[in-house]
Amino acid sequence: MWRQALMTLFVLLLASGPSPAVQPDEILKDSVLESRARNLSRELRCMVCQNQSIDDSEAPLARDLRLLVRERLTQGDTDQQVLDFLVSRYGNFVLLKPPLEWHTILLWGLPPAALIAGLVGLILKGRRKGPTASGTEALSQDEERRLSTLVDGRLPKP
């Protein structure tokens with residue numbers, strides 16, 4: 001019985017995703033506007049947490065941004081106008097997926113460049129000739145003879 005209870009708890013924990021941090025007092029009465037606000041909140045970065053959307057973050061700043069998004073939507077702004085407003089205040093950093101521009105080229109280009117450099121390095125290392133696969137050179141006949149005498153327990157004469 002305990003085993004079944006633990007398995008049920010485990011399955012429920014796996015099935016539950018991250019719960020949004022949106023508080024009941026933030027939710028708009030208009031379901032269409034609320035849906036738009038939630039979609040926008042998933043695209044915006046919490047500047048306190050940095051790797052969470054404001055929809056998932058419980059930070060006070062994220063709450064303020066969620067309220068600001070909802071306020072702008074109720075004033076009649078389009079989704080793009082809301083995003084433009086937030087970008088003008090906080091920069092592209094507020095977007096979870098910043099656009100590809102000249103000043104964000106390193107942000108977008110460095111990970112693929114590092115991956116390619118690593119693959120090239122692995123290929124070159126695999127093609128390199130020299131030591132055996134274990135990283136050491138083979139023993140000479142004299143070294144093998146000395147090793148066998150040490151292993152057999154006979155000490156070589158100086």
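Visitor: Let's start with a pair of helices: in which handedness of crossing does H2 pass H4?

Guide: The crossing is right-handed. Keep in mind that this is a predicted model.

Visitor: How do I describe a pair like that in numbers?

Guide: Two packed helices are described by the angle between their axes and the distance between the axes. Here, the axes of H2 (residues 31–43) and H4 (residues 79–90) come within 11 Å, and they cross at roughly 35 degrees.

Visitor: Which residues meet where H2 and H4 touch?

Guide: From H2, look for Arg36, Leu40 and Glu43. Their counterparts in H4 are Asp79, Val82 and Leu83. Sorted by character, the residues of this contact are 3 nonpolar and 3 charged, with no polar ones.

Visitor: What does the length of H2 tell me, given its 13 residues?

Guide: Try a quick check on the geometry. At 1.5 Å a residue, H2 should span 18 Å, and its end C-alpha atoms are 19 Å apart, so the two values agree.

Visitor: Which residues of H2 are buried?

Guide: Leu33, Glu34, Ala37, Arg38, Leu40 and Ser41 are. These residues cover an arc of only 165 degrees around the axis, so they lie on the same side of H2. Leu40 is worth a second look: it is buried and also takes part in the contact with H4.

Visitor: And what sits on the face of H2 turned away from the buried side?

Guide: Ser31 and Val32, which are exposed.

Visitor: What covers the buried residues of H2?

Guide: The cover includes helix H3 (60–74) and H4.

Visitor: Let's pick a residue in H3, then. Is threonine 74 buried, partly exposed or exposed?

Guide: Threonine 74, found in helix H3, has a relative accessibility of 48%, so it counts as partly exposed. Now compare sequence with space: threonine 74 and leucine 33 are 41 residues apart in sequence, while their C-alpha atoms are 7.4 Å apart. Leucine 33 is one of the buried residues of H2.

Visitor: Zooming out, how many helices and strands does the protein chain have?

Guide: There are 6 helices and 0 strands, and the pattern along the sequence reads α-α-α-α-α-α.

Visitor: What share of the protein chain's residues is buried?

Guide: Of its 158 residues, 23% count as buried.

Visitor: And what share of the contacts links residues 24 or more positions apart?

Guide: Among contacts in the protein chain with a separation of 6 or more, such pairs account for 49%. To see this on screen, start from H2, with H3 and H4 among what covers its buried residues.

Conventions. Residues numbered from 1 in each chain as written. Predicted model: local features only at pLDDT ≥ 70, side-chain atom pairs only at ≥ 80, totals over all residues. Heavy atoms only, no water. Axes fitted to C-alpha atoms, helices over the stretch in contact; angles between N-to-C directions. Helix = DSSP H or I, 4+ residues; strand = E, 2+ residues; numbered from the N terminus. Left-handed = near helix turned anticlockwise from the far one by under 90°. Contact = heavy atoms within 4.5 Å. Nonpolar A, V, L, I, M, F, W, Y, C, P; charged D, E, K, R; others polar. Expected span 1.5 Å × (residues − 1). Buried < 20%, exposed > 50% of the residue type's maximum accessible area, 1.4 Å probe, protein only. Arc of directions from axis to C-beta.
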